[in-house]
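Here are a few friendly notes to read alongside the model. I have kept them short, one topic to a point.

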Amino acid sequence: MDQRSNATVISVKPANSTVREFILFSRTARTDSNFTSLMDGGRLDVVYQCILMSIFSSHKHRDTKFHGILNGSPNPPLHLEVDGRELRDARVDEKTWEDILRKVLSGEAHPGIKLEKKSFQELVKEKGKVYVLEEKGMDISKVKFDKNPVFVLGDQVGLPKKDEKFALRYGEKVSLGKGLYLSSSSIDIVNWWLDRKGIQ
Ligand SMILES: C[S@@+](CC[C@H](N)C(=O)[O-])C[C@H]1O[C@@H](n2cnc3c(N)ncnc32)[C@H](O)[C@@H]1O
């Protein structure tokens, strides 16, 4: 969405091509539409912030995919997928996303967004190779990234140990440095780094 003119800028990359991807493990995000605000919805605000940093750059959608694994009540786990190439009718403000997430979580469709029953471990297994964002990993400047990398990250609490261990069967830990960043900031930093390196 172009924030100045409200015109949607559509990506030219076909939706079946591979892209940079982010997988957020949310321990608490609600799995129905029964919430009064994103924050009260088991920290759906963290999911919203990560969608924003994964998908939006200034005046256009990125060729990226965001995956949120929602593990809150009453119907976990749900896999929420947002594809920047197909997303339509979405501004960047929180109210817009509160409405979109409420709609999708009550079973209605929205272009570029899918919801299905799927666990974190099933999704990671499907991806085959992942980079696990963790403070104590290899510094991002030293990692040789594949094309179309898939990043895994934790929520406001962090990735549960057993899921981190599972993800590490499929990849390695990558560090953004010693500071502990918000999940959404971590995505922003990774996008910035890969943009500079010219890695999609
Ligand atoms: C708010 S942090 C989690 C904080 C949690 N208390 C912990 O200790 O893991 C959210 C996520 O951002 C990512 N993250 C934050 N800082 C990072 C860093 N310096 N390097 C790599 N990933 C980081 C991790 O995936 C982390 O699970």
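1. Asn-75 is exposed because only 12 other C-beta atoms lie within 10 Å of its own; here exposed is 12 or fewer, buried is 20 or more, and partly exposed is in between, with C-beta atoms placed from the backbone. This is a predicted model, in which local features need pLDDT of at least 70, side-chain atom pairs count only at pLDDT 80 or more, and totals for chains, interfaces and linings use all residues. Numbering starts from 1 along each chain as its sequence is written.

2. You will find Asn-75 in the loop between strand 4 (64-70) and strand 5 (78-83); helices (H or I, at least four residues) and strands (E, at least two) are DSSP runs numbered from the N terminus. Beyond its neighbours within four places in sequence, Asn-75 is in contact (C-beta atoms, placed from the backbone, within 7 Å) with Thr-31 and Asp-32.

3. On to the interior. The largest nonpolar core (buried Ala, Val, Leu, Ile, Met, Phe, Trp, Tyr and Cys joined through C-beta atoms within 7 Å) has 43 residues. Cys-50, Phe-151 and Val-152 have the most contacts inside this core. Helix 1 (residues 44-55) provides its largest share, eight residues.

4. Phe-151 deserves a look: leaving out residues up to four places away in sequence, Phe-151 touches Phe-22, Ile-23, Tyr-131, Leu-133 and Val-190.

5. Lastly, the ligand. There are 18 residues around the ligand (C-beta atom, placed from the backbone, within 6 Å), and Leu-133, Leu-153, Gly-154, Gly-158 and Leu-176 come nearest. Strand 7 gives the most to this shell, three residues.

Notes:
Two residues are in contact if their C-beta atoms, placed from the backbone, lie within 7 Å.
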